[in-house]
Every structure is written in C-alpha cells, then in structure tokens.
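Please read the report below alongside the sequence and the coordinates. It takes confidence, one chain, the contact between chains and one sheet in turn.

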Amino acid sequence: MTKLIDDLSAYGVDAKDVLERFVGDEELYRDCLMLFVNDNAFSELGSALECKDYTTAFEKAHLLKGVCANLGLAVLLEKICVLVETLRERKTEGLDEMYRAVIDSIEALRTILS
Amino acid sequence: MNYRRKVMIVDDSPVNRMIVSKILSDSFDVIEAENGLDALEILMNQAGSISLIILDIVMPVMDGYTFLESYSSIPQAGNIPVIVATQMDSEQDEVKALSAGAADFITKPYKPEVIRHRVANIIRMRENAAFINSIERDALTSLYTKEAFYTLAAEIIEHDPTNLFDIVCIDIENFHIVNDLYGEHEGDMLLCNIAQSLDAIVGSVGGIVSRFGGDVFAAILPVLDQLQWQEFVDEFQTKLKDQHIPSNVQVKYGIFRASDRSLSVRAMCDRAVQALSTIKGKYDVFHVYYDDEMGMRLKYELELASDMRRALSEQRFKVYYQPKYDLITEQIIGAEALVRWMHPEKGIISPAEFIPVFEANGFITQLDSFVWDTTCRDLRRWLDEGKKPMPVSVNVSRIDIYNESLPDILESIIHKYAIPINLLRLEITETAYVKNQQQLVRMVNRLKRHGFIIEMDDFGSGFSSLTMLSETPVDVIKLDMSLLANRYKSERSTSIIRFIINLADELGISVIAEGIETLDDLEYLKKLKCRYGQGFYFSKPLTADEYEKLMDAILMQPKDYLPKQAKTAIGSAAAEQSKGEMRSVVDAQGRQLDALTRLLHLSTFAEAAQKRLDECPDGNTLLVLNLDNFALVNENYGQKHCDDLLRSVAAFLHREFREDELISRVGSDEFAVFVSDGMPCESVCERMNGVCKRMIAQIGVSCSMGIALSEHLCAEFDVLYSNAVQAMREVKKTRKNGCAVYGKLGS
C-alpha cells in the first residue's frame, strides 16, 4: 500500500490530508479511487459535450468535481474546476481540450492504480 | 446521546456516500439514498428513526431542492434537520439551501471533525427543541396540544374582557373511513393537511386551534355572526374538498359560547364536546350550540353515575331474558340477557340511557359482571330444577375487551355455578371492532380457546369492513335492527342484508336478526333465508319467572342455532358408513363413488341432496333401502355372490329411478335414493310398493324401505335421512319386505 501512497503523492495527492478523511483506512481509499476512475460520469460527460448538451455536461462535471475534491486529487481537481467554471459561464471555447486534459489525468491515475 | 442516532445520506455519488459513512460510522448508524426520491421513500417507512439527513443538492431523478420542498409533508419527517453538502464554489447554493429549510451545510472536500461535530450539535439542538415543543405541540400535526390549548385559551379570554368568544369542537366524522380505505399512513397525511387548513382559517379570524386527539380539534374564536360563520364553514369545506376526502366524511361543530367567564376552558370544551355528541351520526345537522337542556342531560347523567353503585348493592338492576327464535319453526332456541334499572324515583331506566354513561365512567365492567353472574345463577337453578335451559347470550362491553383477565373472570363464573360453557354465549358489539381491531381479534381468539361461543352484536350498525368477519372467529352475527328498519326504503339495504346472510352462510356463521317487530319483518327475513331472530313480534324481554314459564312449555329440546351442528350430523352419517368398509373412488367430475357399485358415496349424495333441498324444499322424497337377510346371503354364498348381488341392486335402482335422481350406497347392504318428482304422499307409497315387488321378481331379494318426504318446514338432509332410517328400521322390525313413510308408520 505504501507504494501506492508514494505514487499518489507524486501524482499530486496530499496523502496526510486525504487519509484523515478516510479515518486512516487506506483500503477504503483505494476502493473509492477504483470506483472513481470507473465512474460512468466521465463517459457521460464526454458524450454530453459531444452532443453539446451543456446542462448535463455541467451536472456531470460538477459531480466529478465534488468526488475529486473528497479524494484529494488536487491536479485532476484543478483540471475539472476549469471545465466546471467554463460550463457555468456557458462558454464553449476550448471544452474539448479541457475534457482531454481531464481524461489524460484519469488515465494516469488508472495506471497508478493498476 | 446514549443510543446511536441514524443519519441518512442522500447523494448520487457512491464515493461521497462511502466517505461520509466512514466518517460517521464510529458514532452513528448510516442509511444511504441515491437520490431525493429514494430518500422520500425511506422517510415514508422510517421517518421516526432518522435523526438527521445529509443532502447533496445536484442529483439526478430528484434534486436536493425538490427534496427539501417535499419531505416535510411526510408525517414525523418535518422535524428532521437537513445538512446540505455543497462544493466550495457556490455560495449561492448555500444560501438557497438554507432558505429552503436546511439547518446547515458542509462543503467538499469533507473535513471529518467538522462533519462529526456539526451532525452531533444539530441533532442535540433539534432534540432539545423537540422536547420543549412536544409539551405544546401535537407531534403529528404541530397544532397545540389539549393542555397548551387550555392555558392559551384561558389567557385569551382573560386578556380580552370586552369581546365574546366561542369554544368550538370540530369532529371530522367517519374519518376512520380514510384509514380503513387508504391505510393509517395516508390517514395521518390527510390529518396533517386538514390541521394546516384549519390552522390557517382559524388564524385568519383571530383564533387558535388545537388537536384534541384523533380526528377531533378544538378552537377558540371571537364570536362570528351568521354570515361570518357560514364563510368559515364554507372555506373549510372547500379545503377539504380539495383534499379528495370521501363524501361520507363530514365535519361537525359543537359550540359553547363562553359568556360565563368563570368557567374553566376545560369545562367549556367539555360542553362543546357534549353538544357535538348530540349531532354525531345525524346526516343533516352540522353544527350545534350547547344549551341548557344539554346541561340538564349532563346533570341527569351525573345523577345516574352517582346512584349506580348503590343501585348495584341494593339489587336494583334486574336481568331480563329476551327469547331468540327459529324463524321457520317459531320455536325458542335461546335468549339474550338484558339489564334494566329499577330506579326508586326515576322508574324503569332503559339500558340505552345508562349504558353510555357507564361505558364512559368504567362502571360498565361491574355491571357486566353482575349480569354474567346473575345469568349463570339462573342457568344453574334451571338445571337443578331439571329444566333443559337453552343457551343465553350476555353482553360484553367494549371496555371489557381491554381487560386482559376477561377470560379468567368469565371462566371463574362458569366454574362457580358449574355451567356447561356452551350455555353462556358472549355478545361483543360490532362497534368495538372498528376502534382497535387487533386487540379485539386477540381477545376473541383467547375467549374461543377457553371454549366460549362468540356472537357479534349490532352487526351492520357501524362502518365495519366485512373482511373482519373472516379474521375474527365469531360463531354468530346479530343483524342490527337499524338495517332492518331501513329496509323498506331501499333495495340497497335488502341487498346488503342478503349479502351478509350469504357471506355468513359461506363462512359457517349463523345469523340472528334483532328487532323483529311485525309479521312483515318476519316474512321479509324468511324470504332472505335468515333462520333466527328475536324481537317484540315474538316476545319482549321477560323476567326470569316469565322466561321460565315459557321454557316449561317447551316439550322437546330444540336444535342449537350453531351451524356446525348441522354439518357434523352429515359427517357422522358418513363416519357410520365407513364402518362397513366400503372402498370409494373419485370420478371425473370429482364425485366420490362406491368402488363396487359405482353409486354415489354418502357424502357426495348428501351434499347434492341438500343443494336440491335448498333450491326447492318441497316435493322431494328420500328413500332408505336395506336388503333383507343379507347376512344369510353372505354366509351361504360367499363374498363374490354378495358383490354380484349388490351390483344387480345398483343396476335395478338405476332402472327404477330416472337418470337424474341421486342414488347412493350408504352401507354394506343399504342404499338411499333421493327423488325430486313432486309427487304427493299416496302416489309415492304406491310407486315404492311397486319397486319392492319388482325387486323380488327381478333379482330375487327383498328389502325394507323407509320413506321421508320433504316439506317446507323440514328441508334439511340430515333430518330427512334420520327420519327415513327410522321408518326403514320400523319396517325391518315388523314385517320386512315393504315400505313405510316416516310419520305415517303402520299405514
């Protein structure tokens, strides 16, 4: 498990802060991360963007943002925040790149977890 | 906090739910919901056990705001505090949530210590407030409690000496129909809505309202003129209409004008309630003012209450017996014990006057015991005098039903006088059934286990669900006279009575009609196939002496009115048959047949015959044939020959009687035939003599035949059968080879 924590720290996670939230339960934290990377909300966000359904896109991004914050994924959080704020302001410029960045970050996390 | 409180987390993200669960798991039980709708469903079932809700705002299906709007209308849920989970990015959400009724908010990412403390603090605060509130506010409707109302109304009257006030008691009559139809949960919701409407209307005229309990409310209002009052009533009626309340649910108002300010509010409320009680059940009166006559009535009732104990010790209560009759034979089959009060000044007081008073003050228990004891003492005396007393039913008040030792009390009286338990029957009032069904079913079951026979009194007077009949193991129902009195007015009541009688019949329950006053009543009930009854047409309630004389005049012990007896009679005949060791088979139509002769088995035969008798009681003939000297045939020629002979008899009977007549082998050498040809007695005899002669001629064996003819007064199979057997035995004893008709022996 320590290796995982090390890897996550390198990924930008404040491990101490996050483990406090999980009451020191590393295993639960890992389970939650697994649930998170496999969350349908990512693909739903992708298709909503594709269909230009920005209301749904905002809801999905917003949901992911909350979970992301709780999981202490600072770098990813930053990327999702950009997306959420853009959608909140009803702008459409650069959404694809922002989404790409989120997905890349998720892929990186998935690699760490596997 | 001593016990673990339950917290509900409403969030569409499983990760968030897992995190909150984890954080709270040390100190709280956690229940999870995926969205607002799920959460509402959980609240419907277990609102009472949930202490706090943590709610996400953005969710699919039903979001947090919608949830906040709807959850407080669920009974017991309105007081559950909600903490909203938001993200640090939108203060707007937080303000919106707080203004929608959220108690507080937490932000993501969650800080475990903050969450734990916030949850604990809010629960503690809310519980303290709820405790203080519960003294003043009714838990279900949030209206003032009775006690709070007494205090507040007294203050209002005291602080406003110039204005006149009315104390109004408001009863939502028949509200239990809503509970019966839609369940208690729905009923509670509706009651909450009614309370809210009432609160708004009363508030608009400057009064306050409280929930007195159940579906009764009390309000204090400044005196309204007629127009204002009508507006008040109309507005409330309109609100109720909007709630889709069944139309037989009506609002009744009892009003006391508080002109005498020295009275306590409690006393004023009592008078308003009393006024209200005078219009209960009256379809066309909706409000009534308390007046002096009601005061007199109250005084009279108080007098009765103050005299009651002395009356009991001075033996001024007398037990009367009103005979019950078999409507067809017009024979007495039992009696109901009724009580009268011989008051030294007021004369004979009817139970209708004092029973409600005694039920209200609890004295009914003692009076009931007195009646049970007196009845058993009389029964004992009749037994000692060699009379054959018939069962007497006594009333068991609904108050007695709540007495856990009721079966023991009754049993001790039975033992004290050594009365067969079958002689003392218990009448339980149907109205008692509605209020607390469980308790009643439980008590009836206990009484049944002790061996008591239960009669359900006043059936049809209250709003009782008929399904109660199948749940409560009563033996007899007594049809209420009010149903009877109404019957000329509508086809409907006739259908209801017919339905009840048929249903009772299917459930194996006897029906006794009460209040038969005229020949018309009697004919009407007979037409509906009601078998038993009581009423002034037959006899008024009699003193013990008078009833004894009536009993002495009875020569033959009448048949009991319990339906099971008739059934077991057929059963015992079938048991007799089995002694002859006959194998039976079941044919394609499900009928039981004798394996040897393929004739009907007695049980199938009896059932089919009874059905024909029910359809047409007159013009049926039952024959019982016993082969003469059959034992000799068996000894001399052996089993094989016997079997052949029996088969020939069966074939012979088939030839002699039409295809559709019923033929049965009822014993090893005994047969029965049921003929419905409507022939008069002489022709039947002639025909049967012919049958006997042809039998000898065709198969060389003679028989003794008993014949019983059905008629209107005797259309029961087991009676016919035993008559026919008796006639057959007579022939066997005297001459053999021939036939005789029951009741015309020797002819």
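The text that follows describes a predicted model.

Residues are numbered from 1 along each chain as its sequence is written, while chains are lettered from A and ligands numbered from 1 in the order in which they are written. Because the model is predicted, local features need pLDDT of at least 70 and side-chain atom pairs count only at pLDDT 80 or more, whereas totals for chains, interfaces and linings use all residues.

**Confidence**

The model scores ipTM 0.86 and pTM 0.45. In chain B the mean pLDDT (the predictor's confidence in each residue, from 0 to 100) is 84, with 90% of the residues at 70 or more. Among the elements of chain B, strand β14 (residues 392–396) has the highest mean pLDDT, 96, and helix α23 (residues 563–579) the lowest, 40. Residues 564–580 of chain B have pLDDT below 50, and beyond near neighbours in sequence this stretch has 21 contacts in the model. A contact here is a pair of residues whose C-beta atoms, placed from the backbone, lie within 7 Å.

**Chain A and its contact with chain B**

Chain A has seven helices and zero strands. Helices (H or I, at least four residues) and strands (E, at least two) are DSSP runs, numbered from the N terminus. Of the 114 residues of chain A, 36% are buried. A residue is buried if 20 or more other C-beta atoms lie within 10 Å of its own, exposed if 12 or fewer, and partly exposed in between, with C-beta atoms placed from the backbone. Of the contacts in chain A with a separation of 6 or more, 52% join residues 24 or more positions apart.

The contact between the chains takes 19 residues from chain A and 15 residues from chain B. On the side of chain A, the elements giving two or more residues are α2 (15–21), α3 (26–37) and α5 (54–70). Of these, α5(A) gives the most, with eight residues. This side of chain A has 10 nonpolar, four polar and five charged residues. Ala, Val, Leu, Ile, Met, Phe, Trp, Tyr, Cys and Pro count as nonpolar, Asp, Glu, Lys and Arg as charged, and the others, Gly among them, as polar.

**A sheet in chain B**

Five strands of chain B form an open sheet of mixed pairing, in the order β23-β24-β22-β25-β26. β23(B) and β26(B) (738–741) stand at the edges with a single partner strand each, so one side of each has no neighbour in the sheet. Neighbouring strands are turned by 20 degrees against each other on average, direction ignored. Two strands pair if DSSP finds at least two bridges between them. The pairings of β24(B) are as follows.

| Partner of β24(B) | Sense | Bridges |
|---|---|---|
| β22(B), residues 621–627 | antiparallel | six bridges |
| β23(B), residues 662–667 | antiparallel | five bridges |

On the β22(B) side, Thr621(B) has Val675(B) as its bridge partner, and Asn626(B) stands opposite Glu670(B). On the β23(B) side, Arg665(B) stands opposite Phe671(B). β23(B) and β24(B) form a hairpin with two residues between them.

In β24(B) (residues 670–675), six of six residues are buried. Glu670(B), Ala672(B) and Phe674(B) point one way from the strand, and Phe671(B), Val673(B) and Val675(B) the other way.

Helix α24(B) (residues 602–615) lies across β23(B) and β24(B), at about 140 degrees to β23(B). Helix α27(B) (residues 717–734) packs on the sheet and touches β22(B), β25(B) (703–709) and β26(B), its direction making about 145 degrees with that of β25(B). Axes are lines fitted to C-alpha atoms, for helices over the stretch in contact, and angles run from 0 to 180 degrees between N-to-C directions.

Key:
Contact = placed C-beta atoms within 7 Å.
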